[in-house]
Amino acid sequence: MKEQKIMDTKRMDWFYRPTSTTGKVFGQKKLVEDPDMGVSIVMNRYPAGFTTITHTHPCGHGLYILDGQMKVNQEIYGTDTLIWFPEGCVAEHGATEHEDVTVLLISNKQFDIHYIKDEEEKKRLDQGIQPIVSDVGRIPWFYRAASTSGKLFGKKQLHLDQDTGMEINYLNYPAGFTTEKHVHPAAHGFYVLSGQLRSNEAYFGPDTLVWYEEGCIAEHGANAYEDLICLQISNKHFSIQYV
């Protein structure tokens, strides 16, 4: 039977790992490793002053800033920003000197990393591919109805992956809003930013990821008293069938 999986990040321990050969460490909580498309979702916490070595990845991936500020290639970005690195993008990133930064790392397929050893290798690998920045505060809301009920919820599309079809969306379910029972032909999840997610008669608060396996039957929305703000993440092309 297909089911939903609950990851309350506040109850998970940090796993500390070094980056490359520097010995500097950052905290990590692994949330999803999708067996179908290889999508990874990981929470990373970079301490103040931490910067990765220049590197590249054989996958597209995004860093959604949950708190603090992130420094990427000498630019600084704040909370509620998604920085998407296309496959082959050469980059270095981390925290500013003054505060820690916590991010959700979301990949479009199996995640791996290649550290660049010197300037010659950097010149050879750097194809001029730049990160794509989506600032939630600068994106207009798109309002849509849920099935035949006519009730509206707000959506801001942060990323639609041209390679795999996976999506990252920023959603606002108004208080009392609930979808009708439905199923999706894709695995997907909701990361709660504020409010509570109501899912199959249970409630989940901020910093919780609820992940639905492909084919899982569910209904979800906000509680009766406050709006729900969350990230919606799918592992591939997303559509819906009401049951």
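This is a short walk through a predicted model, from its sheet to its core, its loop and its cysteines.

Start with the sheet. Seven strands build it, and the sheet is open. Their order is 2-3-4-11-6-9-13, with antiparallel pairing. Strand 2 (15–18) and strand 13 (132–135) sit at the edges. Each has a single partner strand, so one side of each lacks a neighbour in the sheet. From one strand to the next, the twist averages 25 degrees.

Now look at strand 6, residues 61–67. In the sheet order, strand 6 stands between strand 11 and strand 9. With strand 11 (residues 101–107), the pairing is antiparallel and runs over six bridges. With strand 9 (residues 81–85), the pairing is again antiparallel, over four bridges. Strand 6 is mostly covered, with six of its seven residues buried.

Individual positions make the pairing concrete. His-61 lies in strand 6, and its bridge partner in strand 11 is Ser-107. Tyr-64 faces strand 11 too, standing opposite Leu-104. Gly-62 stands opposite Trp-84, in strand 9.

His-61 deserves a second look. Its relative accessibility is 3%, so His-61 counts as buried. Apart from neighbours within four places in sequence, its contacts are Ile-83, Trp-84, Phe-85, Leu-105, Ile-106, Ser-107 and Phe-111.

Next comes the core. The largest nonpolar core holds 24 residues. Which of them touch the most other members? They are Ile-41, Tyr-64, Leu-104, Leu-158 and Ile-168. Tyr-64 and Leu-104 are thus in this group, and they also stand opposite each other across strands 6 and 11.

Several strands feed this core. Strand 3 (25–33), strand 4 (40–46), strand 6, strand 9 and strand 11 are among those that each supply at least two residues. Strand 16 (167–173), strand 21 (208–212) and strand 23 (228–234) do so as well. The largest share, three residues, comes from strand 23.

Leu-158 shows how the core residues meet. Leaving aside neighbours within four places in sequence, Leu-158 is in contact with Tyr-64 and Ile-168, among others. Its other partners are Leu-82, Ser-134, Val-136, Ile-139, Asn-169, Tyr-170 and Leu-231.

Move on to the loop between strand 19 (197–199) and strand 20 (202–204), where Asn-200 lies. Glu-201 has its place in this loop too. Most residues other than glycine have a negative phi. Asn-200 is not a glycine, yet its phi is positive, at about 50 degrees. Glu-201 is not a glycine either, and its phi is positive at about 70 degrees. Are these two residues buried or exposed? Asn-200 counts as partly exposed because its relative accessibility is 32%. Glu-201 is exposed, with a relative accessible area of 55%.

Last, the cysteines. How many disulfides does the model contain? The count comes to zero. A disulfide would need two cysteine sulfur atoms within 2.5 Å. For Cys-59, the closest cysteine sulfur belongs to Cys-89 and is 11 Å away, so that pair is too far apart for a bond. For Cys-216, the closest is in Cys-230, at 16 Å, which is also too far for a bond. Cys-59 is buried, with a relative accessible area of 0%. Cys-216 counts as buried too, because its relative accessibility is 5%.

Notes: Residues numbered from 1 in each chain as written. Predicted model: local features only at pLDDT ≥ 70, side-chain atom pairs only at ≥ 80, totals over all residues. Heavy atoms only, no water. Pairing = 2+ DSSP bridges. Axes fitted to C-alpha atoms, helices over the stretch in contact; angles between N-to-C directions. Buried < 20%, exposed > 50% of the residue type's maximum accessible area, 1.4 Å probe, protein only. Core = buried A, V, L, I, M, F, W, Y, C linked by side-chain atoms within 4.5 Å. Contact = heavy atoms within 4.5 Å.
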